[in-house]
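Reader: Could you take me through one part of this structure closely? I would love a friendly tour of the metal site, and then a look at the pockets.

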Amino acid sequence: MKLFSKIIGLIILIGVICSLLPVAGLYLQKDAAGPTNEQIINKLKDNKGSYFSFIVFGDNHAGFIFDDSAFLKLIHRMNRENRFRKLNMDFAVNLGDVSFIKGTEWDYRVYNRLRAKIKWPVISLMGNHDDDKGGESRFKKYLGKKEFAFAQRNSYFIALDNKINALSEEQCAWLEAELKKSLAFKHRFVLMHKQALSLYQQSWFRPELVKWSYRFMKLCEEYKVDIVFAGHEHMFREGAYGGVRYIISGGGGMLSQIPEADGGYLHYLVVRVYGDYVDFEVRKVFPPLWEYFTYYMWKELLYFVKDIFF
Ligand SMILES: [Fe+2]
């Protein structure tokens with residue numbers, strides 16, 4: 001029995017060490033240059049046809065070992081997405097909080113190394129952690145524009161910067177102008193960092209209590225937006241209001257404090273556009289083993305104990 005426990009312990013130890021190797025390699029490797037949002041959009045223009053797919057994730061928070069290790073595991077899975085060669089995977093979208101917490105040079109350099117590992121070009125949005133301490137200029141230098149719209153095959157994508165929550169008058173006017181343009185396309189998708197309403201009861205973030213969110217949702221309803229994607233909350237959640245789907249996808253790497261049963265898990269989305277139809281799948285990813293034993297296991301245990309006593 002003692003020998004059996006020792007063997008199991010050794011297997012777990014080897015698993016833990018192996019799960020740390022990719023992130024160790026990441027920190028030792030050279031910096032990688034990546035295309036800006038403008039350069040990516042420019043390349044996408046040549047895509048034709050009305051059947052395609054794209055990846056959506058948010059809140060990888062590069063520059064912190066827990067987040068980078070988890071994001072590397074997600075990237076490994078993402079890169080296998082077209083193994084059955086069913087549908088073209090055109091690009092990936094990062095819904096913001098690309099950097100750990102202060103938008104430092106280190107965070108952006110690590111993010112560049114990470115996104116260079118993804119097979120497809122990654123469009124990156126501005127999150128509330130990406131502009132701290134000069135981060136806004138680094139975002140511009142490494143990733144380019146933070147607000148833009150682009151046509152892709154039969155769909156129109158509008159990316160907004162709402163890191164400070166509210167949308168300004170100018171932003172609302174620009175959004176409506178872009179939504180008008182989008183009517184020439186079959187589908188409309190809005191991408192931003194913070195969702196217009198909180199989809200989770202225990203959430204600390206309450207965008208629906210401010211004026212912009214109602215106005216934004218009415219615009220989305222009027223122009224028949226298919227899906228509004230946002231991150232910010234480190235979880236997966238979805239809801240539908242006024243014929244529009246609202247999705248929170250913030251499980252791209254950052255440690256989640258939310259119970260797994262409520263959506264607090266690592267994941268990314270695969271969105272598929274089949275001509276007239278749109279659907280998506282959530283790809284849940286188990287954390288790297290070392291991270292599971294040092295954080296996720298304890299988080300779940302804590303909620304389990306809490307549920308028994310409270
Ligand atoms: Fe975040």
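Author: Happy to; here is the metal site, followed by the pockets.

Please keep in mind that this is a predicted model. The iron ion has four protein donors: Asp59 and Asp97 each through OD, and His61 and His234 each through NE2. These donors lie 2.1 to 2.4 Å from the iron ion. The angles among the 4 donor atoms run from 88 to 172°, and the site is irregular. Tetrahedral geometry would need all angles between 85 and 135 degrees.

Along the chain, the donor residues follow the spacing D-x1-H-x35-D-x136-H. Asp97 sits in the loop between strand S2 (89-94) and helix H4 (105-115), while His234 sits in the loop between strand S7 (227-230) and strand S8 (236-241), so this pair ties together parts that are 137 residues apart in sequence. Asp97 and His234 are both buried.

Now for the pockets. The largest pocket holds about 340 Å³ of space and is lined by 17 residues, with Glu81, Phe84, Val270, Arg272 and Arg283 nearest its centre. Strand S10 (267-274) and strand S11 (277-284) each supply at least two lining residues, and S10 gives the most, with 4. By type, this lining has 9 charged, 6 nonpolar and 2 polar residues.

The second largest pocket has a volume of about 160 Å³. Its lining has 13 residues, and Glu260, Tyr265, Phe286, Pro287 and Tyr296 are the closest to its centre. Helix H8 (residues 289-309) gives the most to this lining, with 5 residues. Here the lining residues divide into 8 nonpolar, 4 charged and 1 polar.

Methods:
Residues are numbered from 1 along each chain as its sequence is written. This is a predicted model: local features need pLDDT of at least 70, side-chain atom pairs count only at pLDDT 80 or more; totals for chains, interfaces and linings use all residues. Side-chain values use heavy atoms; hydrogens and water are left out. Donors are N, O and S atoms within 2.8 Å of the metal (3.2 Å for Na, K and Ca); water is not among the atoms, so sites may look incomplete. Four donors count as tetrahedral if all angles lie between 85 and 135 degrees; four count as square planar and six as octahedral if opposite donors are over 155 degrees apart and all others between 65 and 115; anything else is irregular. Buried means under 20% relative accessible area, exposed over 50%, partly exposed in between (1.4 Å probe, protein chains only). On a 1 Å grid over the protein atoms alone, a cavity is a set of points where a 1.4 Å probe fits but cannot get out, and a pocket is an open set with protein on both sides within 12 Å along at least five of seven lines; lining residues have an atom within 4 Å of a point. Grid points are joined across faces, edges and corners, and a volume is the space filled by probe spheres set on the points. Ala, Val, Leu, Ile, Met, Phe, Trp, Tyr, Cys and Pro count as nonpolar, Asp, Glu, Lys and Arg as charged, and the others, Gly among them, as polar.
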